[in-house]
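User: Please take a close look at the salt bridges of this protein and walk me through them pair by pair. I would also like to know how far the model can be trusted and what surrounds them.

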Amino acid sequence: MEKQNLPVVVVGAGPVGLAAAAHLVERGMEPLVLEAGASAATAVRDWAHVRLFSPWAEVIDPAAEKLLAPTGWVRPDGTTYPTGGDWAERYLQPLADVLGDKVRYGAMVTGVARAGRDRIVDSGREEQPFTVHIATADGGEERITARAVIDASGTWSVPSPMGANGIPALGEKRTADHVTYRVPDLKDPAVRARYAGKRTAVVGSGASAFTALALLADLAGEETDTHAVWILRRGIGEATYGGGEADQLPARGALGLRAKAAVEKGHASAVTGFRTEAVERDGDRLVLLAEDGRRLDPVDEVIVLTGFRPDLSFLSELRLGLDERLQAPIALAPLIDPNVHSCGTVYPHGVKELSHPEQDVYLVGMKSYGRAPTFLAMTGYEQVRSITAALAGDREAAERVELTLPETGVCGGAGLFDEPDAAQSDEGGGCCAAPATLQIGTGAPAASGGC
């Protein structure tokens with residue numbers, strides 16, 4: 001069978017993977033979406049209780065909407081903000097249902113390679129299709145042949161550890177019964193009981209940490225002795241709580257203000273410049289130790305929200321061009337590097353920035369960002385629109401991707417502003433640039449404020 005007649009395999013039936021399938025259908029190509037879970041948006045369902053920062057108008061892909069429209073699907077009010085559960089049930093699962101047998105569940109991808117070629121072999125490499133190895137829910141194994149591979153598997157399965165050096169802190173694994181890497185659903189009675197009246201350490205400085213702090217603050221207002229200890233590797237500066245009222249994602253700005261209020265009202269106390277090195281048991285409680293020798297008072301639970309990282313293990317036989325720090329595509333990395341960019345505004349990008357030495361394989365969605373944070377759904381939708389245009393041979397459309405991104409107001413990353421006493425300034429890349437609409441491949445826009 002000629003390569004052009006083979007399906008394009010999409011790894012993951014999440015928002016960007018399903019959008020990729022919709023764009024492939026629109027372009028007359030055959031997608032095959034492989035989802036490890038039993039339903040669409042398995043990862044999104046894990047945080048069903050968390051509300052998105054983006055409204056419905058910004059989390060529905062245009063090509064997907066075209067597929068859904070003839071089915072009688074009712075588009076949610078574009079000005080309202082869905083939870084993860086809303087997103088999955090009201091949009092992502094219906095989209096997967098429309099795609100029908102183009103989406104396969106219980107299929108975990110365990111390896112991707114060129115047919116008959118490991119990563120060493122040059123001869124005839126580009127002429128060979130891809131072979132995608134999967135493990136099925138019943139314990140079986142299969143091999144699927146594909147013309148191209150779009151990996152939209154995300155990063156949800158690999159949360160970053162508590163250890164400040166990127167490696168689990170000493171004792172972190174042994175104390176796993178009191179450690180979680182997810183924002184807790186305090187509406188669940190069992191989860192609520194775990195944190196009510198307890199002292200909980202929240203490790204992290206991003207939006208997920210804000211969410212956990214806000215939820216624990218609400219709980220503290222109802223349950224006495226409930227307290228959060230916010231562990232920051234950096235200090236508290238002007239930008240610690242995000243964009244506030246100036247954030248063009250208002251829901252996120254409001255969340256940052258709620259986290260600030262939690263501290264100011266005494267429901268949470270902040271420990272700054274604390275780089276966790278070890279976790280020790282103290283009876284039924286845990287003690288966190290820093291690299292500088294500090295020991296915190298014992299806590300009952302620890303919530304680690306230090307970001308995520310990509311699982312690249314099943315791509316080991318492909319020739320990927322990844323930045324050595326972020327594990328993102330080399331051309332994309334400078335645009336999203338938190339050591340330089342202190343806000344979430346990212347130059348719109350497409351196939352040019354997402355290409356690898358191995359032709360016709362792409363990492364998209366959150367996985368394309370590697371370890372960098374602050375990904376927007378609409379960024380992923382534009383990624384797959386550009387990539388599918390390129391696969392269809394429409395290079396002009398692939399390089400004509402246009403996207404206006406909101407000024408996110410998140411000034412402060414995991415790198416440059418990680419110093420305990422570092423404060424945000426207007427110089428050295430501190431401010432967020434205005435939104436830009438531009439064409440792929442025409443050069444990054446001139447941005448004021450350093451972003």
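What follows is a tour of the salt bridges, with some context at the end.

Analyst: Happy to help! This is a predicted model, in which local features need pLDDT of at least 70 and side-chain atom pairs count only at pLDDT 80 or more, while totals for chains, interfaces and linings use all residues. Numbering starts from 1 along each chain as its sequence is written, and side-chain values use heavy atoms, with hydrogens and water left out.

The predictor's confidence in each residue, pLDDT, runs from 0 to 100. Its mean for this protein is 86, with 83% of the residues at 70 or more. Residues 408–451 fall below 50, although this stretch still has 123 contacts in the model beyond near neighbours in sequence; a contact means heavy atoms within 4.5 Å.

Now to the pairs. A salt bridge here is a side-chain nitrogen of Lys or Arg within 4 Å of a carboxyl oxygen of Asp or Glu, and the whole structure holds 22 of them.

Start with Lys102 and Glu30, whose side chains meet at 4.0 Å, N to O. Lys102 sits in the loop between helix H4 (84–99) and strand S3 (103–104), and Glu30 in the loop between helix H1 (15–26) and strand S2 (31–34), so this bridge ties together parts that are 72 residues apart in sequence. Helices (H or I, at least four residues) and strands (E, at least two) are DSSP runs, numbered from the N terminus. Lys102 is partly exposed, with a relative accessible area of 22%, and Glu30 is partly exposed as well, at 43%. On this scale buried means under 20%, exposed over 50%, and partly exposed in between, using a 1.4 Å probe and protein chains only.

Next come Arg75 and Glu65, with their closest N and O atoms 2.8 Å apart. Arg75 belongs to the loop between helix H3 (62–68) and H4, while Glu65 is in helix H3, 10 residues apart. The relative accessibility of Arg75 is 34%, which counts as partly exposed, and Glu65 is partly exposed with 24%.

A further bridge joins Arg192 and Glu223 at 3.5 Å, N to O. Arg192 lies in helix H5 (residues 189–195) and Glu223 in the loop between helix H6 (207–220) and strand S10 (227–231), so parts 31 residues apart in sequence are linked. Arg192 is partly exposed at 25%, as is Glu223 at 30%. Elsewhere, salt bridges that share partners connect Arg114, Arg125 and Glu358 in one network.

For contrast, here is the nonpolar side of the picture. A nonpolar core is a set of buried Ala, Val, Leu, Ile, Met, Phe, Trp, Tyr and Cys residues joined through side-chain atoms within 4.5 Å. The largest one has 78 residues, of which Leu18, Trp87, Tyr91, Ile150 and Leu391 touch the most other members. Domain 1 (3–157 + 308–399) and domain 2 (172–304) both contribute residues, so this core lies between them; the domain bounds come from an automatic or database domain assignment. Leaving out residues up to four places away in sequence, Trp87 touches several residues, including Val44, Trp47, Trp56 and Tyr381.
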